[in-house]
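Trainee: I would like to go through this structure and test the labels we put on it. Ask me to justify nothing; I will do the asking.

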Amino acid sequence: MITDVAIISTNLNKNILKNYSDYKVIENSFTYEELLKYKKVIFFNVLSNLNNDELEKLYAYLNSNNILFINVTNNMEEVLFTRYLMIYDTENILAEGNTLYLLSNEKLIKRLGFKLPFIIELSIYLRDYNLTNKIYLDKESLVGDLWK
């Protein structure tokens, strides 16, 4: 079972949530203790103000406490922290699957109206020039491998 999902949409609206009625929707600030009350949560466009370290800490907390979560966002950088990605238009799923797999399909992502996260785009360019052979989700891994 996938515990961490990102839903990305250029037009965020509540219609996206109609299939997730058994999840607690969080639209404002929250505490970690509050999250323990629920086994399934949806963050509806509230995580954009967190930096990468805070997102990593939050997702590690959710995973370690077996809390299923969905991050509904229009920020492509946030999807890097989840293993499964669903791309919506107003109400319909346009594409879904493994996050890294979908993000490595640059043409699909751009055709659907999104810009790739910087680290993914850089990885693709470096791969095209045979400087690396994989797609990276974080700059530390990319830089580490380049320095080898």
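Trainee: Where is Asn130 found?

Mentor: Asn130 sits in the loop between α5 and α6. Keep in mind that this is a predicted model.

Trainee: Why is Asn130 called exposed?

Mentor: The cut-off for exposed is over 50% relative accessible area. Asn130 has 70%, so Asn130 is exposed.

Trainee: What makes the phi of Asn130 worth a remark?

Mentor: Most residues other than glycine have a negative phi. Asn130 is not a glycine, yet its phi is positive, about 60 degrees.

Trainee: Which phi does Asn45 have?

Mentor: Asn45 also is not a glycine and has a positive phi, about 55 degrees. Asn45 lies in the loop between β3 and α2.

Trainee: Is Asn45 buried, partly exposed or exposed?

Mentor: Buried needs under 20%, exposed needs over 50%, and partly exposed is in between. Asn45 has 33% relative accessibility, so Asn45 counts as partly exposed.

Trainee: Now the charged pairs. How many salt bridges does the structure hold?

Mentor: There are six salt bridges. Side chains of opposite charge can pair when their charged atoms come close.

Trainee: How do you know that Asp22 and Lys40 form a salt bridge?

Mentor: The test is a side-chain nitrogen of Lys or Arg within 4 Å of a carboxyl oxygen of Asp or Glu. In the pair Asp22 and Lys40, the closest N and O atoms are 2.6 Å apart, so the pair passes.

Trainee: What does this pair tie together?

Mentor: Asp22 is in the loop between β1 (4–9) and β2 (24–26), and Lys40 is in strand β3 (residues 40–44). The two are 18 residues apart in sequence, so the pair ties together separate parts of the sequence.

Trainee: Why are Asp22 and Lys40 called partly exposed?

Mentor: Set each value against the limits of 20% and 50%. Asp22 has a relative accessible area of 48%. Lys40 has 28%. Both values fall in between, so partly exposed is the right label.

Trainee: What makes Glu106 and Lys110 a salt bridge?

Mentor: Their closest N and O atoms are 3.0 Å apart. The limit is within 4 Å, so the pair counts. Both residues lie in helix α4 (residues 106–111). They are four residues apart, about one turn of the helix.

Trainee: How do you know that Glu121 forms a salt bridge with Lys115?

Mentor: The closest N and O atoms are 3.8 Å apart. That is still within 4 Å, so the salt bridge stands. Salt bridges that share partners join Glu106, Lys110, Lys115 and Glu121 into one network.

Trainee: Which of Glu121 and Lys115 is buried, and which is exposed?

Mentor: Glu121 has 14% relative accessibility; buried means under 20%, so Glu121 is buried. Lys115 has 58%; exposed means over 50%, so Lys115 is exposed. Lys110, at 41%, is partly exposed.

Trainee: On to the surface. Which residues form a nonpolar patch?

Mentor: Tyr125, Tyr129, Leu131 and Leu146 form it, with about 470 Å² of accessible area together.

Trainee: What makes Tyr125 accessible enough for a patch?

Mentor: A patch residue needs over 30% relative accessible area. Tyr125 has 41% relative accessibility, so Tyr125 clears that cut-off. Tyr125 is in helix α5.

Trainee: Last, the pockets. What is the volume of the largest pocket?

Mentor: About 490 Å³. It is lined by 18 residues, and those closest to its centre are Asn52, Leu80, Phe81, Leu137 and Asp138.

Trainee: Which helix gives the most to that lining?

Mentor: α2 does, with three residues. By class, the lining of the largest pocket has six nonpolar, four polar and eight charged residues.

Trainee: And what about the second largest pocket, by volume and by class?

Mentor: Its volume is about 150 Å³. Its lining has five nonpolar, three polar and one charged residues. Among the lining residues are Phe30, Tyr32 and Glu54.

Trainee: Why does Glu54 count as charged?

Mentor: Asp, Glu, Lys and Arg count as charged. Glu54 is a Glu in that lining, so Glu54 goes in the charged class.

Notes. Residues are numbered from 1 along each chain as its sequence is written. This is a predicted model: local features need pLDDT of at least 70, side-chain atom pairs count only at pLDDT 80 or more; totals for chains, interfaces and linings use all residues. Side-chain values use heavy atoms; hydrogens and water are left out. On a 1 Å grid over the protein atoms alone, a cavity is a set of points where a 1.4 Å probe fits but cannot get out, and a pocket is an open set with protein on both sides within 12 Å along at least five of seven lines; lining residues have an atom within 4 Å of a point. Grid points are joined across faces, edges and corners, and a volume is the space filled by probe spheres set on the points. Patches are made of residues with over 30% relative accessible area and no salt bridge: like charges are joined within 9 Å, nonpolar side chains (Val, Leu, Ile, Met, Phe, Trp, Tyr) within 5 Å. Accessible areas come from the Shrake-Rupley method with a 1.4 Å probe; for residues, only the protein chains shown count as cover. Buried means under 20% relative accessible area, exposed over 50%, partly exposed in between (1.4 Å probe, protein chains only).
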